[in-house]
Amino acid sequence: MDSTRVTEHPTSYERPQPGVDPADPRGALLRTSTPAHPPGTAALPAQARGGDHQPGAAAPCAQGPGSDGGTGPEHSQPTAAEAMGAPPARAKPSEGDHRPRPAPEGIPAQPDAAQARPPGGAVPAGQERRTGQGPAPGQPTPMRRDGDRLRFVGAATRRIARGLDLDEIVMGLCRATVPTFSDAILVYLRDPLPVGDERPTGPLVLRLRRTDRIPVDRDTDAGFAPLPQPAGQPEPWELAELSSVAAELCEVRGGGALAEVLRGVRPVFADAPAARAALPELLGAGGDLVVPSGQRAILAPLRGRRRVIGAAVFLRRPERIAFEADDLLVAAQLATHSALGIDKAVLYDREAYIADELQRTMLPETLPRPTGVRLASRYLPAAETARVGGDWYDAIPLPGSRVALVVGDVMGHSMTSAAIMGQLRTTAQTLAGLDLPPQEVLHHLDEQAQRLGTDRMATCLYAVYDPVAHRITIANAGHPPPVLLHLGGRAEVLRVPPGAPIGVGGVDFEAVELDAPAGATLLLYTDGLVESRLRDVWTGIEQLREKLAATAQLTGPDHPPPLEALCDEVLDMLGPGDRDDDIALLAARFDGIAPSDVAYWFLEPEDAAPGKARRLARRALARWGLEDLTDSVELLVSEVVTNAVRYASRPVTLRLLRTDVLRCEVGDDVPQLPRLRQARATDEGGRGLYLVNRLARRWGATRLSTGKVVWFELNRSLH
């Protein structure tokens, strides 16, 4: 467990207390030694509690180091003489004009050990009210006044409220209370924690979430040396970790002492009858070594909005002054604020989990592996507080071994933006399946965005890569232009018409066709990669181009950089202030298909077409050295071509592609897709697709704007 001691430090307007070094690293642990007073100056009495002020007592005034009781304003500007280096003029004090200065937050104002209380038999400040003895040197002075407790509770609750997640809130509770309020703390939380109105099932189990304590190995010069223990007093504080003694898990028995204390909600002292039986149940067999005797331990239930979610145990050393009755109110405030903060943190974690799951389902789980192109992608959210964004990317296989590359950005960072992004991505996938041109896809996306609402704006870039023609067709809708990294190491920003964003309506989109040489890498991205508060979008695009060129130089002109490493290098260009927006990144390495690995024919829709298709396929396989596949290919080609010429009115296309597999594609002008069905024994046909399904590695049918394509794949080796 983490036992690091972190204390509240005074802010710029707070002034240190008398006799305390401002650079003292102990924070709330203050020395109790008596500060020296100038000769002839009497110590001022401490500020009295409500009802303790005696008639004739002098007005209290706390003096900071170096002050001499002047009555000027606390934040007065230096005089001209002081600015020139001359010593400041001493202001003459006036009667009845002294005001106590506020103590720093989190550090209760401590009365001077040498100050005298007003007459009337009161115990001098700095001494224990019951025993009349002051604390030993190096020991934290107790909070003796209501104002001290209020200031401490205010500082502690602010520190607890700063946490966003569960660990931050629990750590804020521990470090706000140790060492100012207690010397050690143990925090138990329900396992598992209920979320919102969720009704927990099963027994109530508490798990030790965190412990914190004052380290034992103190620096004697700094006043932290451990004090000797009274004779016969057990020494629980020599243990290195409280978690090694206290039980990690505790199952609360129904009707037991611990259940009664938790049900009562209010904090109790350890020596109370209810807590005396509850603490051993909570802490386990080693509880006696942890809990000191007397009122030096408080058991405080942690109750959220609807139910108890845990418990906190505050401990003080045996040599320290015991807790008082008012300290139960302090513990109750700390427990209440911590429990409500934990409730909110659990709800926040659930919302973050839902956001993460939503984002994961909106983005591709895995990228496809189309023929002739390799793909890699990255996605980074904007920040922890904006887990969901509207950026997306996609890669969609198309007929003819082509692939559609899509990247888009919906305006905003919210669940609404993610939902709109999901709808647009689904629409883009549907339109890509119809094999529409890129500009037509953007046009239909624009219409869909207008149907979703008047303020549904998005940018999108849609590209289609053909590995056979080594060409790429790109249409843009207000998105940053892609960057093409050539094999030799040259990086260029492609000149693509910018277009209007999706959702504007009434605009036309233009597509351009560009060369896509083998070995080149196309990088599609969203504006979060190149635009931030520190730089404009075109400066970022130029930096991206230079980064790609520099990365390509590391692998040489004949070897393109690996895609995964290239994506990581691109993201490394982001600085601390460049994460204002989420980032989607899609990289495509164009391998292409060589012309020698492609065979393409047109067949007239006649009865002789299946026989001609078998002869052409046999010659191509012989040329490629794939004679082992001849029988299977001839049979499947004959069945698919026969189905095509039966209904086609225009020439049928036949194409064979040799890559890591052998792919055959047959196209015709009939839009109806074939369906696999079980032929009856008396049927003369209906068995062609059944043979294709049994013999092919994969097969499918895709509708085109001019008809359809039926394709199948075979492994290049039958063994």
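Is V265 buried, partly exposed or exposed, and what is its relative accessible area? In this predicted model, V265 counts as partly exposed, because its relative accessible area of 32% falls between the 20% under which a residue is buried and the 50% over which a residue is exposed. V265 belongs to the loop between helix 4 and strand 4, the latter spanning residues 268–269, and its backbone has a positive phi of about 70° although the residue is not a glycine.

Before following the chain further, it helps to have the whole protein in view. The protein has 14 helices and 21 strands, and of its 719 residues 49% are buried. When contacts between residues at least 6 apart in sequence are considered, 70% of them join residues that are at least 24 apart. The accessible surface amounts to about 35,200 Å², and carbon and sulfur atoms account for 52% of that surface.

Helix 4, which comes before the loop that holds V265, covers residues 257–264 and packs against helix 5, residues 273–283, at an angle of about 110° and with the two axes 7 Å apart. Helix 4 is therefore roughly perpendicular to helix 5, and the crossing of these two helices is left-handed. On the side of helix 4, the residues that meet helix 5 are A257, L258 and V261, while helix 5 brings A274, A275, A277, A278, E281 and L282 to the contact.

A single buried position can be followed in helix 7, the helix of residues 325–362 in which S338 is placed. S338 counts as buried because its relative accessibility is 1%, a value to be read against the cut-off of under 20%. Apart from neighbours within four places in sequence, S338 is in contact with I160, I169 and L173.

Two cis peptide bonds deserve a look in the same spirit. One runs from V178 to P179, with omega near 10°, and P179 is found in the loop that links helix 3, residues 166–177, to strand 1, residues 184–190. Another runs from D191 to P192, with omega near 0°, and P192 lies in the loop between strand 1 and strand 2, the latter being residues 205–213.

Further along the chain, five strands form an open sheet in the order 8-9-10-11-14, and their pairing is antiparallel. Strand 8, residues 391–397, and strand 14, residues 511–515, each have a single partner strand and stand at the edges, so one side of each is left without a neighbour in the sheet. On average, and with direction ignored, neighbouring strands of this sheet are turned by 15° against each other. Strands of a sheet pair through backbone hydrogen bonds, in either a parallel or an antiparallel way. Strand 11, residues 471–477, is joined to strand 14 by five bridges, with the two strands running antiparallel, and I474 stands opposite V512 of strand 14.

A helix also belongs to this part of the picture: helix 8, residues 415–433, lies across strand 8, strand 9 (403–410) and strand 10 (458–466), and runs at about 15° to strand 8. Between strand 10 and strand 11 comes a loop that contains H470. H470 has a positive phi of about 55° although it is not a glycine, and H470 is partly exposed because its relative accessible area is 22%.

Technical notes
Residues are numbered from 1 along each chain as its sequence is written. This is a predicted model: local features need pLDDT of at least 70, side-chain atom pairs count only at pLDDT 80 or more; totals for chains, interfaces and linings use all residues. Side-chain values use heavy atoms; hydrogens and water are left out. Two strands pair if DSSP finds at least two bridges between them. Helices (H or I, at least four residues) and strands (E, at least two) are DSSP runs, numbered from the N terminus. Axes are lines fitted to C-alpha atoms, for helices over the stretch in contact, and angles run from 0 to 180 degrees between N-to-C directions. Contact means heavy atoms within 4.5 Å. Buried means under 20% relative accessible area, exposed over 50%, partly exposed in between (1.4 Å probe, protein chains only). Accessible areas come from the Shrake-Rupley method with a 1.4 Å probe; for residues, only the protein chains shown count as cover. Angles under 35 degrees count as roughly parallel, over 145 as roughly antiparallel, 65 to 115 as roughly perpendicular and the rest as oblique. A crossing is left-handed if the near helix is turned anticlockwise from the far one by less than a right angle, and right-handed if clockwise.
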